[in-house]
Amino acid sequence: MSCRILKIKSPADPEAAAFFRRLAERGNPSDGSGENVESQVRAILADVRERGDAALLERTRAFDAPEMTMPFAVPQEEMARAAASISGAERSVIVEAASHIRAFHEAQKDKSWFITREDGSILGQKVDPVDRAGLYVPGGKGGNTPLISSMLMGAIPAQVAGVKEIAVVTPPRADGTLNPYMLAAAYLLDINEVYRVGGPWSIAALAYGTKEIRPVDVIAGPGNIFVTTAKKLVQGKVGIDMIAGPSEILVLADESANAEWVAADMLSQAEHDKLASAVLVTTSSLLADRVASALERRAAELPRADIARASLNDWSAVIQVPDLSVGVAVANLIAPEHMEVCTASPWTLLPAIRHAGAVFLGPYSPEPVGDYYAGPNHVLPTLGTARHSSALSVQTFCKKTSVIAASREFTGCHASSIALLARLEGLEAHARSVELRS
């Protein structure tokens with residue numbers, strides 16, 4: 001295993017530019033067999049739309065739980081038993097993490113607003129939650145590593161937004177059950193709709209509806225490339241949070257950074273996926289060498305060492321730059337999902353950091369603090385989309401309606417101008433509608 005080391009003067013250096021292009025393209029939807037993922041997912045969506053629950057059951061038996069039976073819905077009593085089965089310390093951790101996440105998202109809420117003009121016209125914007133949201137929560141290693149944090153990060157912003165109905169879909173274990181920690185988290189969040197179904201077919205169920213699973217207005221939550229492609233294809237029928245790709249971290253560091261800590265933080269993302277990317281951008285040649293050495297040593301100690309090694313070898317880099325301004329330019333070009341700033345004065349760099357899903361400032365803000373506990377959402381834009389996209393938020397589950405209450409004076413005064421614009425566009429009925437009121 002070897003993580004590439006690049007010494008560059010600017011982001012335009014040919015070797016660096018080629019690496020940056022490869023990073024942005026690594027989410028290309030191919031399953032490695034030559035068959036396009038999108039064509040497979042289109043067929044799945046069509047099948048679920050036509051056959052509903054029967055298609056869900058067939059695919060769940062084929063991919064997750066061979067003896068699966070309906071209904072997919074988990075009874076409230078089962079969720080209550082799961083919550084009672086975990087230790088008090090475990091419940092407390094889930095509740096405390098949820099409280100941090102809820103407090104952060106409460107601060108995100110938008111308010112409806114109105115302005116009144118001198119002529120008596122009232123204009124404004126009304127903010128409302130969607131009626132029904134669907135959350136996809138990955139199963140994690142056949143349900144044995146429940147992604148509790150994904151449940152919290154999806155459900156809490158929807159609840160803060162005011163969404164009345166939240167439906168969770170998540171793949172069952174081989175015996176058809178869900179991990180008790182997943183159910184406990186749902187119970188502690190007062191979620192009463194949890195379905196034992198995952199994969200792209202569950203996205204189809206949320207988008208189009210089946211006899212058992214009613215359709216939703218917005219779908220949110222991370223998933224593999226098949227789930228992500230399904231979300232992409234149903235977008236428009238429903239809203240989605242984002243098209244997410246493999247996980248990423250970029251650490252911007254100077255000579256003050258702790259090499260062992262930086263390596264550990266990079267590996268926290270490299271262990272996710274062979275397509276994950278971990279990049280160090282540093283002004284210090286000594287730190288670059290020490291981190292490269294620490295990465296090799298620490299990766300070998302991990303349970304997911306093979307995954308981490310593949311990520312480091314194929315999609316990661318230690319990049320030495322002449323100064324922090326070039327380092328920031330590299331970061332803005334990559335627009336990473338997670339960006340750590342491990343420098344002597346991290347806050348001074350924040351105004352120049354324009355493109356990142358989340359920024360972690362200082363040595364005591366490693367990425368996992370944000371993943372689980374601090375409060376900001378961990379569902380973040382990847383593959384450079386932080387240049388135009390934002391984290392999952394309360395706004396993901398809201399819509400804004402313009403309000404126009406024009407006064408007689410306003411419409412009468414401006415009728416001729418409005419009619420002129422309408423006639424320039426060849427819309428005579430528009431013009432006459434206004435002129436009738438002048």
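A cavity is a set of grid points where a 1.4 Å probe fits but cannot get out, and its lining residues have an atom within 4 Å of a point. The views below show a predicted model.

**Figure 1. The enclosed cavity and the residues around it.** The lining of the largest cavity consists of Gly139, Gly143, Thr170, Pro171, Arg173, Thr177, Leu178, Asn179 and Met182. Its volume is about 40 Å³. The count of cavities of 30 Å³ or more comes to one.

**Figure 2. The protein as a whole, for orientation.** The fold holds 17 helices and 14 strands, and its C-alpha trace extends about 80 × 60 × 50 Å along the principal axes. Of the 438 residues, 48% are buried. Among contacts with a separation of 6 or more, 74% link residues 24 or more positions apart. About 20600 Å² is exposed, and carbon and sulfur atoms supply 53% of this area. The side chains include 42 positive and 50 negative ones, with the centres of the two sets 4 Å apart.

**Figure 3. Helix 8 and its surroundings.** Helix 8 spans residues 199-208 and is mostly covered, with nine of its ten residues buried. The buried residues are Gly199, Pro200, Trp201, Ser202, Ile203, Ala204, Ala205, Leu206 and Ala207. Their cover includes four helices and strands from earlier in the chain, namely helix 2 (37-51), helix 3 (53-63), strand 4 (132-136) and strand 5 (165-170), together with strand 7 (218-220) and helix 9 (225-234). Just after helix 8, Gly209 adopts a positive phi of about 85 degrees.

**Figure 4. The second largest pocket.** This pocket encloses about 350 Å³ of space. Its lining comprises 23 residues, and Gly357, Ala358, Pro376, Asn377 and Leu380 lie nearest its centre. Strand 13 (358-361) and helix 15 (367-372) are the elements that give two or more residues to the lining. Helix 15 provides the largest share, four residues.

**Figure 5. The environment of His355.** His355 is located in the loop between helix 14 (346-349) and strand 13. Its relative accessible area is 11%; because buried means under 20%, His355 counts as buried. Apart from neighbours within four places in sequence, His355 is in contact with Ala331, Asn332, Ala335, Pro336, Ala386 and Arg387. His355 and Ile203 are separated by 152 residues in sequence and by 29 Å in space, C-alpha to C-alpha.

**Figure 6. The cis peptide bond at Pro71.** Met70 and Pro71 are joined by a cis peptide bond, with omega about 5 degrees. Pro71 is placed in the loop between helix 3 and helix 4 (76-85).

**Figure 7. Asp190, a residue other than glycine with positive phi.** The phi of Asp190 is near 65 degrees. Asp190 belongs to the loop between helix 7 (180-188) and strand 6 (193-196). With a relative accessibility of 68%, Asp190 counts as exposed, since the exposed class begins over 50%.

**Figure 8. Leu383, a residue other than glycine with positive phi.** Leu383 has a phi near 55 degrees and lies in the loop between helix 15 and strand 14 (398-405). Its relative accessible area of 22% makes Leu383 partly exposed.

Methods:
Residues numbered from 1 in each chain as written. Predicted model: local features only at pLDDT ≥ 70, side-chain atom pairs only at ≥ 80, totals over all residues. Heavy atoms only, no water. Buried < 20%, exposed > 50% of the residue type's maximum accessible area, 1.4 Å probe, protein only. Contact = heavy atoms within 4.5 Å. Areas by Shrake-Rupley, 256 points an atom, 1.4 Å probe, with all protein chains shown as cover. Lys, Arg positive; Asp, Glu negative; His and termini not counted. Charge placed at Lys NZ, Arg CZ, Asp CG, Glu CD. 1 Å grid on protein atoms, 1.4 Å probe; cavity = no way out; pocket = protein on both sides within 12 Å on 5 of 7 lines; lining within 4 Å. Points joined across faces, edges and corners; volume = space filled by probe spheres on them.
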